[in-house]
Amino acid sequence: MMSEKERQDAVLEEKKGNFAALLPIIVFLVLFIGSGIIAKDFYAMPTIVAFLIALAVAFVQNPKLSFNEKIKVCTKGVGDDNVVTMCLIFLTAGAFSGAVTAAGGADSTVYLGLSLIPSQFAVLGLFLIGCFISISMGTSVGTIVALAPIAVGISEATDFPMALCLGAVVSGAMFGDNLSMISDTTIAAVRTQGCEMSDKFKMNFKIVLPAAVVSAIIYFVMTMHGSSQVELGEYNIWQVVPYILVLVGALVGINVFVVLIVGTVTSVIAGVATGAMAVSEIFTSIGAGVTSMYDITVISITVAAIAALVREFGGIDAILHFIHKNTKTKKGAQISIAALVAGVDLATANNTIAIVLAGPIAKEISMEYDIDPRRTASLLDIFASVVQGLIPYGAQLLYAAAAAGITTYAIIPYVFYPMLMAVSAVVFIFLFNKKEK
């Protein structure tokens, strides 16, 4: 009589899948990487164009299904509850981001933070403020855009190296990009794994807290004997309130849509009341924020369609069969998930897209090896952020380097948080594998 494990092995042996079904993903990677190498710019080809070509390839495959049947497969994949919810959250998060930025929330938060930290610890302050802004705003690039000019000014007015100041900004930005409950990476990770944002935050926070603490200590020790005289801009505490409301509301588990709507409304009230936002700018600022999320929303829909066709043709089964043959433990399965999302991010230079692509496969792996969905969502977000914060052709380092007129390679040695985050996550995988409650 076969044991349960033997029965599972037999089922997987029957479901070897079809590696040819992965051709659309391979086509996307070849087009995206190839155009980046040829043009020496990994953002030369619009991501959605490469995905549409990949979708066309997926439609050509699997002759057993008619064109209309393939359309039905796509619509079923796109209509999945997680995909629809993810897209709606993207748009709502964009509305909040647009409103709070126009209301002066980002600038006020920066100057308030710097005013509370002794000037000789300005680099540590940049890291800590970057952590707060990014976890509240949900965007690493937005955080870098807000903080990079200030980091340049601090470096020019002190003896702190420019690359060090910008490295602290990028590190802080990646902290929030990974943890924020309104970050598109968190939204994608949570919705693809089917867990709650607050639960994923708690799990994720336990994993990365040591990395954040050690990073802060490193920045402190490296600059403790320096001196600086930082000129601060004006700030208004009321413009910071929307960030605090969103952060606290998300932490206590209030529905994310409610949190974002409240954040948007309070941002508008604070902006108008303090004179930072004209009444005529209310809807244009919200509209600009929503528009900024169009790309990732359309990409998510397209990727869901591709994933549905790939799954139907046996692509997901092929990957699972390969991992099952080469992985014997739960720890190995988690390393496979980490390597999968890290590899996709290396190829796409976009951590949200990496999670959207790797998420369905990671969910199958976690179900096969009985891995907690919160842990899987955390690993997806962590390792995508690790790679994104360190690749020299990623938007984060490119923005930071452009602000100072230096190369991305000069900044990388000082981006301590993503490096330590990877170490912390690997230690967590190998040392903490008891079944979570």
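The following exchange concerns the pockets and nonpolar cores of a predicted model.

Visitor: What is the volume of the largest pocket?
Guide: The largest pocket is lined by 46 residues, and T139, V141, D184, S292 and M293 lie nearest its centre. Its lining divides into 22 nonpolar, 20 polar and four charged residues. The volume of the largest pocket is about 1100 Å³.

Visitor: How many residues of the lining of the second largest pocket are charged?
Guide: The second largest pocket has a volume of about 560 Å³. Its lining comprises 21 residues, of which G77, D80, V83, R311 and P360 lie nearest the centre. Asp, Glu, Lys and Arg count as charged. Beside 10 nonpolar and four polar residues, the charged residues of this lining number seven.

Visitor: Which helix gives the most to the lining of the second largest pocket?
Guide: At least two lining residues come from each of α4 (67–78), α5 (81–102), α10 (184–193), α15 (294–312) and α18 (351–368). With seven residues, the helix that gives the most is α15.

Visitor: Which helix supplies the largest share of the largest nonpolar core?
Guide: The largest nonpolar core has 125 residues, and L126 and Y417 have the most contacts inside it. The largest share of this core is 11 residues, and it comes from residues 162–179, helix α9.

Visitor: Which residues does L126 touch, leaving aside those up to four places away in sequence?
Guide: L126 is one of the residues with the most contacts inside the largest nonpolar core. A contact requires heavy atoms within 4.5 Å. With residues up to four places away in sequence not counted, L126 touches L147, I150, A151, I154, C165, A168 and V169.

Definitions and conventions:
Residues are numbered from 1 along each chain as its sequence is written. This is a predicted model: local features need pLDDT of at least 70, side-chain atom pairs count only at pLDDT 80 or more; totals for chains, interfaces and linings use all residues. Side-chain values use heavy atoms; hydrogens and water are left out. On a 1 Å grid over the protein atoms alone, a cavity is a set of points where a 1.4 Å probe fits but cannot get out, and a pocket is an open set with protein on both sides within 12 Å along at least five of seven lines; lining residues have an atom within 4 Å of a point. Grid points are joined across faces, edges and corners, and a volume is the space filled by probe spheres set on the points. Helices (H or I, at least four residues) and strands (E, at least two) are DSSP runs, numbered from the N terminus. A nonpolar core is a set of buried Ala, Val, Leu, Ile, Met, Phe, Trp, Tyr and Cys residues joined through side-chain atoms within 4.5 Å. Buried means under 20% relative accessible area, exposed over 50%, partly exposed in between (1.4 Å probe, protein chains only).
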